[in-house]
Amino acid sequence: MRRGDRLPPLEIEITRTLIVAGAIASRDYQDVHHDAELARAKGSPDIFMNILTTNGLVGRYVTDHFGPAAVLRKVAIRLGAPNYPGDTMVLTGTIEEVDGDTATVRIVGANAIGKHVTGTVVVAASAGGAR
């Protein structure tokens with residue numbers, strides 16, 4: 001693991017099931033995450049993913065790369081373009097800093113309309129844990 005290393009991209013299909021399941025799992029019952037008619041009434045073209053689901057997907061992306069012994073120390077993300085059903089989000093990452101077995105990874109998740117999520121993740125990986 002070295003500064004500048006890139007994580008392989010991860011494509012995630014944004015389905016209605018993923019959006020609704022993520023909202024339910026995180027106990028986010030806002031109608032814009034499960035009711036398309038009410039989401040449209042509030043000005044959105046459809047339901048959209050909540051930040052807690054995005055946070056979980058970012059965490060999965062990093063731990064899938066660094067392995068089962070990886071520990072997320074800090075996740076700092078910001079949302080941009082919504083994730084709507086029928087789109088695909090592509091997560092990419094670049095290692096910005098390395099300190100021993102700890103890395104800071106810059107994350108971008110983009111969909112067809114722009115950057116859905118940007119941020120950094122600090123991860124502690126076991127020796128030899130990065131793939």
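In what order do the five strands of the open sheet lie? The order is E1-E3-E4-E5-E2, with antiparallel pairing. The model is a predicted one. The points below cover the sheet, a nonpolar surface patch that includes a residue of strand E2, and a buried threonine in helix H3.

**Sheet**
- The open sheet has strand E1 (6-13) and E2 at its edges, and each of these pairs on one side only.
- From one strand to the next, the twist averages 20 degrees.
- Nine bridges join strand E3 (residues 88-99) to strand E4 (residues 102-111), and the two run in the antiparallel sense.
- Across this pairing, Val108 in E4 stands opposite Thr92.

**Surface patch**
- A nonpolar patch on the surface is formed by Ile51, Leu52 and Leu79.
- Together, these residues have about 250 Å² of accessible area.
- Leu79 belongs to strand E2, which spans residues 71-79.
- The relative accessible area of Leu79 is 35%, so the residue is classed as partly exposed, a class that lies between the buried limit of 20% and the exposed limit of 50%.

**Thr53 in helix H3**
- Helix H3 covers residues 51-66, and Thr53 is found in this helix.
- Thr53 counts as buried because its relative accessibility is 9%, and buried means under 20%.
- With neighbours within four places in sequence left aside, Thr53 is in contact with Leu18, Gly22 and Ala23.

Notes: Residues are numbered from 1 along each chain as its sequence is written. This is a predicted model: local features need pLDDT of at least 70, side-chain atom pairs count only at pLDDT 80 or more; totals for chains, interfaces and linings use all residues. Side-chain values use heavy atoms; hydrogens and water are left out. Patches are made of residues with over 30% relative accessible area and no salt bridge: like charges are joined within 9 Å, nonpolar side chains (Val, Leu, Ile, Met, Phe, Trp, Tyr) within 5 Å. Accessible areas come from the Shrake-Rupley method with a 1.4 Å probe; for residues, only the protein chains shown count as cover. A salt bridge is a side-chain nitrogen of Lys or Arg within 4 Å of a carboxyl oxygen of Asp or Glu. Helices (H or I, at least four residues) and strands (E, at least two) are DSSP runs, numbered from the N terminus. Buried means under 20% relative accessible area, exposed over 50%, partly exposed in between (1.4 Å probe, protein chains only). Two strands pair if DSSP finds at least two bridges between them. Axes are lines fitted to C-alpha atoms, for helices over the stretch in contact, and angles run from 0 to 180 degrees between N-to-C directions. Contact means heavy atoms within 4.5 Å.
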